[in-house]
Structure formats: structure tokens, C-alpha cells
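Trainee: I am new to this structure and should be grateful for a close look at one part of it. Would you please take me through the salt bridges, and then through one residue in a strand?

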Amino acid sequence: MLSPERTREVPSDLAIAQSAVLKPIMEVASAAGLLPQEVEPYGHTKAKIGLEALERLKDRPDGKLILVTAISPTKAGEGKSTTTVGLGQALSRLGHKAIIALREPSLGPSFGMKGGAAGGGYAQIVPMEDINLHFTGDLHAITSANNLLASMIDNHLHFGNPLGLDPRQIVWKRCMDLNERALRNVIVGLGGKANGMPREDHFEITAASEVMAILALSSSVSDLQERLGRIIVGFTFDGRPVTARDLQADGAMAVLLKDAIKPNLVQTLENTPALVHCGPFANIAHGCNSVLATRMALKLADYVVTEAGFGADLGAEKFFDIKCRTAGLTPAAVVVVATVRALKLHGGADAMQLAVPDVAALEMGMANLEKHVDSVRQFGLQPVVAINRFPTDSQQELDALERLSQRLGVPVVLSEVWAKGGEGGEALADAIVQATSVPSAFKPLYELAESIPEKIDAVVRRVYGGDGVHFEPAALKSLERIERLGLGNLPVCMAKTQYSFSDDPARLGRPTGFKVTVRDLKVSAGAGFVVAYTGEIMTMPGLPKRPSAEAIGIDAEGKTVGLF
């Protein structure tokens, strides 16, 4: 029976994090199995791990890889990171050697609406303030590398354009790690001949930059530079691609990223090691932490708990079809996080009344969870459902959820890690240990030899539950170019709303009878995938009317206030 104890009063995430007693990072590193010479401390509680550690550990057997995903979320998120951290803590409490592998938060959500990505309550990675803000500077390095390439493009145009790059066909965008709608579409090069060639340009958030995706998918420093060199920045007047290597920018970009490529080591509130590295968004990129951090964690631990952004239709699909395929990873188990509030939203409840008990809406919303369970099964995996409990969940709703979940045919476990830390995740940890005792039957959704339209159609039909794909003229034109370049064998990365299986964020629950419209395609040759843009998805978010930044400040003692 999903009958928890009454949740005790829980302080704010920031208050919990600021009162935590952290171990020195070298002690955390040693417990994880790292040697002192492999650890580069960033203060007392953060460190980077040298890639030589992976070389030393290469012959050690891999641990078991556990993915945490979720149902289609509300705007506040459903607690994937919190569940990931809590599950890692719970596995450690039960005597298993566990490591957590998470993405780095972006300043955009931290100052915008959704908040950070370091977990919550008593299931957090710390130091929370550092992780959610500048951390070790990785996102700044990515921003600099991205914008160095943009600068070299305009410099090339200014000094005669010997490559014949068509200013109207430049596809490389500038980026910044903040939400800034005013920079989505801009004109650069104004002010006369000395200031460059005037042209239309665009900004995207750093998490959407191909440099972010490249860093997350690179297997070594040499692979990083090779991938950077393959970036297509635009096309010549006669249609030939121009790359970062053609501009001789790849070497300098790699130098800017030589420290950022090293995974970051921190700890949870219960001192479980956590590797936090790279942060591509899942609705506009591939939504997973770095290959290097995951591989390193697998060599160090018996169980590695990682997460992929938003619902299983986005982050999990890309984790399976892009990251696992690229890195040769085989997940051993999958957790699908569900919440009573999100199920009620998908069942027709008013978004402003989700704290009000509503069993009827909960019953209707179960269809969304059922489809996500089915989507995970499409990859040959059987998930465990974790009900992430919120203080507003009524016992009546939890009882109904237990009854309704029996038809799913998978384990369903109540998770109370937000309120109780690792103790509140022990039942989930037991279920995961049991799930990983069965050999994995994982397989990607499609074969790379299939055409791009066939791959997208497979995702839409089998993961989204749609009736197929409609390609707009711009997408068909881009498709023809991609195939002409010989890049049709790449996996696809769907840029789609996180709120619905469809490309319409208003179609909640488990919509049927829809087609997904692909309005354009963009090849990310360095990252190694083709991005399919659907609906109204944008790569530069805007701030809400009342951004979180308004509540954040610093007190007289230099302590951060108002951060979640």
C-alpha cells in the first residue's frame, strides 16, 4: 500500500544545502576509487577528474547503468533529479557502491522559471549554490568556444571571404547561458565598413549549442577536436558546406574546452559521489550528461544512476537512440518518475488547482503514464515506476494510484526522497536491484541505415503514439541537402515541446490521431545527429513575467538568499 508517514516540515532547498556538512572533496574522491593525482580540486568541495583516470580503469568491468526518466511534466518539473539523487543515496545506504551522473544546470532556468537542477529537499547534490550558478565554469567555456567560432566567421567575411561563404546561408548562431528573447533575431555588423559585414544573426541558449552537444558526446580530447572541426557553419554561394576546420577554428575551440572536458566531482547531502558534467536541454538537444562522466562512473561504481531531461518521449528516447548508441552503453534498468499532480493535469484538472484532491482527474491522467511505460518497452526494457510524493498528495489519491497502477504490469514504488533523503528511497532501490538482476534486452528504436524520414516516423509512431509525420517545404529542402552531403545515416534529435506527446503543448494526456509537423531540419555534423524542429519550439527561451531572478540576492555576510 502506498501509505507514507505524514511528511515533516521541510525547509527550503537552499536552507538545507547551506546547513549541510560536506566531506572534503579529496575524501569523496578517494572513497569513489580515484587517485590523488587524478583529482584537480576547485576549492574544498568541488573537483575535476583528469581523463587519465578513465585510462587507468579501462579494463575494470562496468557497473549497472540506471536511467531515471519521467512522464510528461508540469511546468514545475516532476523531480527526476531529486529522484536520481535520492536513489543514489538509497543504494549507498543499502551497502551498494553507487555514483550519480547528472547534467550541469543552466543559468537560464535558474534565473527564469523552472529553477535549478541539483535535486531538492533532502535529495540534493551540493554545494547547491555553486552547481546552479557558475560551478567550475564549463558552460562559460562552451559559450566562449561557440562565440569564438562566430567571431571567426564574421572576421572571415570582413577580410575578403576567400572561402566564398554566403552570408545568407550562415547557420552558426551565437549563444549565451541566459534566457534572452530580445537576442533571438538580431542584425550584426552595423556601423560602417570597419565594423564588419551587416547580416542577420541569431542567439540560442548555451544548452542548445552544438558545442554543448559535442562536449557531452566526446570520448577524448582528440575526439573533441575532430568533432569541433566537423561543425558546418554555413554554405558557399554554390552550395558547398563550410566547416569550423575550414576556418581553422577547431584547435582554438578545443583549447578553450581543455578543462571543461573533464567531469566534475561533487557529493550528495549524504556524501554519495556525483559526477556532474555537461547540460544539453532535452527539448532542443539530446538531454543527457556527458559520455565521459557516465563511462567514468561505470568504472568506479556497481550502480550508476543518471537522468535524461523531461519525459521519456524526449530525454529517454535520445538517451537510448543517441547517447547509448554513440557510446556503446547498455542500460540495465529504467525508472519512470510520476507525480499525482502531473497525472491530474493530464486528466483535465486545472493547472492552478493541482493541490486539490481529484481522483477522477488522476484516473484520466493515468493514460499518460501508461504511454511512457509503453515507450520504454519499445527499447526492450521494463521500467520501474517511482511515485514522487508531494506534501499535497492525499491518501485517497495515493490509494487510487496504487489500484490503477496494477494494470501497468511493472513495479510501482512510492518515493519519499525529497522529505527523507536516501531513507525515503530504499524501497525504490530494492526494486531497482531486483530489476537489474535480469539481463538487459536493450535495443535502439531504429537502424542508422534507415532514412531520416523513416527514423522520425519511428519515433513519432512508436514513442509518441502519433499517426506519422508532415514535412514542411523548408524541411524537405533541408532534407535534400543533408542527403546530398551523405549525412542521412545519422540519428535524429527531436526538438519538441516537453508538455505533450504531440508537437502541440496544449494536447495533454495521451493524444491520438495526430501527426507531428517537422518545419525544418539542421545537421549537427560535429555532434553526430540531425535536429528535427517541430511545433513552436525555440532554442532561445525567454524569461517569465516574474523571473526567479527577482527573488535572488546576497546578505551582509555574503550568503546567497532566495535561490529556490
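Mentor: The salt bridges come first, and a strand residue follows.

This is a predicted model, in which local features need pLDDT of at least 70 and side-chain atom pairs count only at pLDDT 80 or more, while totals for chains, interfaces and linings use all residues. Residues are numbered from 1 along each chain as its sequence is written, and side-chain values use heavy atoms, with hydrogens and water left out.

Side chains of opposite charge can pair when their charged atoms come close. A salt bridge here is a side-chain nitrogen of Lys or Arg within 4 Å of a carboxyl oxygen of Asp or Glu. The structure contains 33 salt bridges.

One of them joins the side chains of E55 and K58, with 2.8 Å from N to O. To describe their surroundings, buried means under 20% relative accessible area, exposed means over 50%, and partly exposed lies in between (1.4 Å probe, protein chains only). E55 is partly exposed because its relative accessibility is 48%; K58 is likewise partly exposed, because its value is 47%.

Another salt bridge brings together the side chains of E397 and K344, again with an N to O distance of 2.8 Å. This pair links distant parts of the chain, since E397 belongs to helix α15 (residues 395–405) and K344 to helix α13 (residues 340–346), 53 residues apart. Helices (H or I, at least four residues) and strands (E, at least two) are DSSP runs, numbered from the N terminus. Both E397 and K344 are buried.

D374 and K371 form a further salt bridge through their side chains, at 2.8 Å from N to O. Because they stand three residues apart in helix α14 (residues 359–377), about one helical turn separates D374 from K371. D374, at 25% relative accessibility, counts as partly exposed, whereas K371 is buried, with a relative accessible area of 3%. Elsewhere, E40, K258, D259 and K262 are joined into one network by salt bridges that share partners.

The strand residue is Q267, which lies in strand β14 (residues 264–268). Its relative accessibility is 0%, so Q267 counts as buried. The side chain of Q267 reaches the backbone oxygen of K23 at 2.8 Å. Contact, meaning heavy atoms within 4.5 Å, gives a wider view of this residue. With neighbours within four places in sequence left aside, Q267 is in contact with L22, K23, V28, Q124, I125, V126, T272 and A274. K23 thus appears both in that list and as the residue whose backbone oxygen the side chain of Q267 reaches.

Note on methods: Polar contact = N/O pair within 3.5 Å; in protein donor to acceptor, adjacent residues only side chain to side chain.
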